[in-house]
Amino acid sequence: MARILVAEDEDVVRAFVARALTLKGHHVTEASDGGLAAEALAESGGEFDLLLSDIRMPVMDGIALALDTAVQYPGLKIVLMTAFADQQERAHGLDALIHDVISKPFTLDMLLGKVDEALSGKPAEIVPLAVSGLGH
């Protein structure tokens with residue numbers, strides 16, 4: 001199946017995502033921050049099918065990682081994850097570079113569906129933010 005790089009600083013979330021994708025038959029490489037993910041990309045020459053990254057991480061956040069990845073490896077599909085509405089809005093400004101943004105918490109079915117969409121090249125189904133009371 002696909003080679004997927006998962007960049008997530010929360011150990012429990014990273015383990016959940018990696019296990020789910022591995023059980024689905026994908027080859028998963030894990031990174032605990034954006035800097036380590038960038039190193040994994042460089043070491044492999046970008047030989048991944050998908051980068052699945054949290055947005056808020058130490059060292060290098062997911063937005064910076066996505067921007068760097070899009071420049072270095074333009075064919076690599078990128079899906080971002082976040083629990084923060086402001087970060088999700090920031091990521092949607094990168095629509096030309098990323099496939100989609102998954103809101104945390106997410107279900108296993110939602111995660112696998114978004115990964116399958118990205119890998120198949122199917123357009124993302126944009127779901128409006130269901131957050132009220134946020135002033136911007």
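In which strand is Ser53 found? The legends below, which describe close-up views of a predicted model, begin with this residue.

**View 1. Ser53 and its surroundings in strand β3.** Ser53 is found in strand β3, which covers residues 50–54. With a relative accessible area of 0%, Ser53 is buried. When its neighbours within four places in sequence are left aside, Ser53 is in contact with Ala7, Gly62 and Leu65, and its contacts also include Val79, Leu80 and Met81.

**View 2. Leu65 and the largest nonpolar core.** The largest nonpolar core of the structure has 21 residues, and the residues with the most contacts inside this core are Leu5, Leu41, Leu65, Ile78 and Leu80. Two or more residues are given to this core by each of the elements β1 (3–7), α2 (34–44), α3 (62–72) and β4 (77–82). Leu65, one of the residues with the most contacts in the core, touches Ala7, Gly34, Ala37, Ala38, Leu41, Leu51, Ser53, Met57 and Met60, if residues up to four places away in sequence are not counted. There is also a second, separate core of 19 residues, and among its members are Val6, Val13, Val17 and Val28.

**View 3. The salt-bridge network of Glu8, Asp54 and Lys104.** A search of the whole structure finds 7 salt bridges, and in this view Glu8, Asp54 and Lys104 are linked in a network of such bridges. The side chains of Glu8 and Lys104 meet in a salt bridge with an N to O distance of 2.7 Å; this pair links distant parts of the chain, because Glu8 belongs to the loop between β1 and α1 while Lys104 belongs to the loop between β5 and α5, 96 residues apart. Asp54 also forms a salt bridge with Lys104, and here the closest N and O atoms are 3.2 Å apart. This second pair links distant parts of the chain as well, with Asp54 in strand β3 and Lys104 in the loop between β5 and α5, 50 residues apart. Are the three members of the network buried or exposed? Glu8 counts as buried at 0% relative accessibility, Asp54 counts as buried at 4%, and Lys104 counts as buried at 16%.

**View 4. The salt bridge between Asp100 and Lys114.** Asp100 forms a salt bridge with Lys114, and the closest N and O atoms of this pair are 2.7 Å apart. Asp100 lies in strand β5 and Lys114 in helix α5, so the salt bridge ties together parts that are 14 residues apart in sequence. Asp100 is buried, with a relative accessible area of 4%, and Lys114 also counts as buried, at 13% relative accessibility.

**View 5. The aromatic pair of Phe16 and Phe106.** The structure holds 1 aromatic pair, which is formed by Phe16 and Phe106. The pair is tilted, with 6.4 Å from centre to centre and 35 degrees between the planes. Phe16 lies in helix α1 (residues 11–23) and Phe106 in the loop between β5 (100–103) and α5 (108–120), so the pair ties together parts that are 90 residues apart in sequence. Phe16 counts as partly exposed at 37% relative accessibility, whereas Phe106 is buried, with a relative accessible area of 14%.

**View 6. Arg3 over the ring of Phe48.** In this last view, Arg3 lies over the face of Phe48, at 4.8 Å from the ring centre.

Key:
Residues are numbered from 1 along each chain as its sequence is written. This is a predicted model: local features need pLDDT of at least 70, side-chain atom pairs count only at pLDDT 80 or more; totals for chains, interfaces and linings use all residues. Side-chain values use heavy atoms; hydrogens and water are left out. Rings of Phe, Tyr and Trp (its six-membered ring) pair if their centres lie within 6.5 Å; planes under 30 degrees apart count as stacked, over 60 as edge-to-face and the rest as tilted. Helices (H or I, at least four residues) and strands (E, at least two) are DSSP runs, numbered from the N terminus. Buried means under 20% relative accessible area, exposed over 50%, partly exposed in between (1.4 Å probe, protein chains only). A charge sits over a ring if NZ of Lys or CZ of Arg is within 6 Å of the ring centre and within 35 degrees of the ring normal. A nonpolar core is a set of buried Ala, Val, Leu, Ile, Met, Phe, Trp, Tyr and Cys residues joined through side-chain atoms within 4.5 Å. Contact means heavy atoms within 4.5 Å. A salt bridge is a side-chain nitrogen of Lys or Arg within 4 Å of a carboxyl oxygen of Asp or Glu.
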